[in-house]
Amino acid sequence: MDDGSGADVRVLHVDDEPSLTDLVSIYLEREAGDVDLSVSTSNSGADALERLRQEQVDCVVSDYDMPDIDGLEFLRAVRSEHPDLPFILFTGKGSEEVARDAFRVGATDYMQKDTGTDQYTVLANRVVNAVSQYRAKAASERYGTAIEVLDSGVYSLDSSGRFTSADGVFCELTGYDREAIIGREFADLAAESDDEIRAAFERVVAPDAPDTERFETVLSPGPAYPHDDDLLCEGHLALRPTEDDEPAVIGTLQDVTERRRRRNRLRYETRLKDAVLDTSTSLMSAETDEIGTKIEWTLQSVGEVADLDRCSVYLYDDETNVAARMHDWRGGDPREHPARVALEDARWLVERLHRFENVRLHRVSDLPPEASDTKHVLTDAETGGFVAVPMVSKWALVGFVVFDVVETSRSWTDTEVDLLRSVANNVTHTLARQRRERELQRQNDRLEEFASVVSHDLRNPLNVAKGFVELAREEEDVTYLDRALDGVTRMDTLLNDVLKLARQGRKVGETHSVAIENVAERAWKAVDTGDDAVLVVEDGLGSTQADQGRLQQAFENLFRNAVEHGGPCRDGGDDASADGASRKAVDTPAGDTASSGSSTTSAGDELTVRVGPTETGFYVADDGPGIPADERDTVFEHGHSTSESGTGFGLSIVESIVEAHGWDIVATTPEPDLGGARFEFDIGGVRSEVEPRFSLSDD
């Protein structure tokens, strides 16, 4: 690494504490290994800038918190004069925000001060590595410049700026035949303004002219030019002596179109990196109830910087092999991505996402023959070029994000795809955090509910039992003990329901395909329904993926709710339930009556409970007094009951079981021929607040 000027590596260490700069200097020079490293020190940013102007420095190591200018301001000043000089921010005031801003301004590396001397070995290695990479890059650029000179076209101009000669490289570069340009003014080849060429020519032929003049211009290419885009060129002119003392000029010309593309691509990737960084910070700080908005803002920010037409987040359910679109953004007004994507409709795509691969296509026509199903889906969505990246949580595919343009092709660089994958990772982590926070909130709610029951609901039956026991003792009348036993029984019922809710909550065990009809009939037999209740199970219920035990518990609670509030109400509709009258309790002995059929009409005072299919799941209905229309949104709340003997937790437990499966349940308008309560289960789709079923386990 020795460049013949002394030490291999010259480091400038900037820190406002002189004792620390001395210590760091000693350790850096000692821990650099085989590298001859020397350290000079400065105690202020202003002094360090002056040192950089006067001394040759290979790397700067700077503190952040300094009195005159801080480390970031110092870094900005260094970058204005030394764009590529290695710069390591070595600070004790570390934070993610400082590190992010340092890299954004242009720091080569960031290291937080620690205790002990091992940190100086690490710092020395980072200095040596940074200088090695810097010198390798500089050597590569010098080599590249030499190669570019070899590719330069050479030509000569007379005193009027007309071509007198042009070599083969010049003709090949511009697309002109030599005979077509000899005698023409060079400025005539300019595609837009010829001012650059004319000004450079006039300066180089003027008295006291510089040795060479540089210009950059867009030329109008000749008929043999092989490309469709403009020809951006960089040229150099130099005065050439002639025998007759007439001014003549020799020049070189290079095609820098590709260089401009690389520069523009670098600027674009920098903007995209900034957008990804900004959105990731926003997602990390988002409150639970604003995560959906922040995700869609993320898609919009990235989509606008990347000049995309659409971005969509899909959550995937591996039991149904369906992905549902949960969040999206569209630029302008193009067609939406499909709301749902099934495995059989896009097998080629989903199989690659299952392998956690990034999928990119410049155009849909690039798909191989075996991807005809995926091609059909993309063609229907008017997709041109697209990137799909997987969302991975706990080594399982939980979804994917699609970025695309409509109906046009699009090239994607590796850096671009990597950044889009980072967006998907950020969204995945944010949704997982949202799920964890909501589960924690639900757990806290259950604890509060448990405390409420213990402090309030249990106090009443406890006082009843205590009061009647005291009466029995005072009056020596054991009949009071029966009344006390009622209070104890009430306490036992409350405790069982609350403990069940607190322990099981919104979790399910292993799920598998279960026949809904069979589960309903088993639940009916497990409930004390009496002799005057009948179950009607309609055809077409089918099967679903569920935890059979928890689903049966939901049915049992609904059946018990119907029986406890039982008694038929034939008037039907909302009017039958609007008065909120208490339902008649059924105290007959336990029965196991169950029937199956498409339709049954109960007679006399029989309670009829019916289970039947809906478009998105199934329903449970009864012919009792029903639920008042204004209470249907609150019946699942803990403690809600219209019966003095009810605990108010039965329907709450049902809701927790439904949510644990990722389903929905609502109390709806009564059946016309029953007129009682009706509960609908929606067991289709994937909801944004519930992670797919295979990953519902606790983190």
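The following paragraphs describe one helix and two helix pairs of this structure. The model is predicted, with local features requiring pLDDT of at least 70 and side-chain atom pairs pLDDT 80 or more, while totals for chains, interfaces and linings use all residues. Residues are numbered from 1 along each chain as its sequence is written, and side-chain values use heavy atoms, with hydrogens and water left out.

Helix α1 (a DSSP run of H or I of at least four residues, numbered from the N terminus) covers residues 18-31. Its 14 residues reach 20 Å from the first C-alpha to the last, close to the 20 Å expected at 1.5 Å a residue (1.5 Å times one less than the number of residues). Leu20, Thr21, Val24, Ser25, Tyr27 and Leu28 of α1 are buried (under 20% relative accessible area, 1.4 Å probe, protein chains only). After α1 comes Gly33, with a positive phi near 70 degrees.

Helices α9 (residues 257-284) and α10 (residues 291-305) pack at about 175 degrees, their axes 9 Å apart (axes are lines fitted to C-alpha atoms over the stretch in contact, with angles from 0 to 180 degrees between N-to-C directions). The two helices are therefore roughly antiparallel (over 145 degrees). Contact (heavy atoms within 4.5 Å) involves residues including Tyr268 and Leu272 of α9 and Ile295 and Trp297 of α10.

Helices α16 (residues 516-525) and α17 (residues 548-564) come within 8 Å and cross at roughly 55 degrees; the pair is therefore oblique (outside the parallel range, under 35 degrees, the antiparallel range, and the perpendicular range, 65 to 115 degrees). Among the residues that meet are Ile516 and Trp524 in α16 and Phe555 and Phe559 in α17.

Technical notes: Buried means under 20% relative accessible area, exposed over 50%, partly exposed in between (1.4 Å probe, protein chains only).
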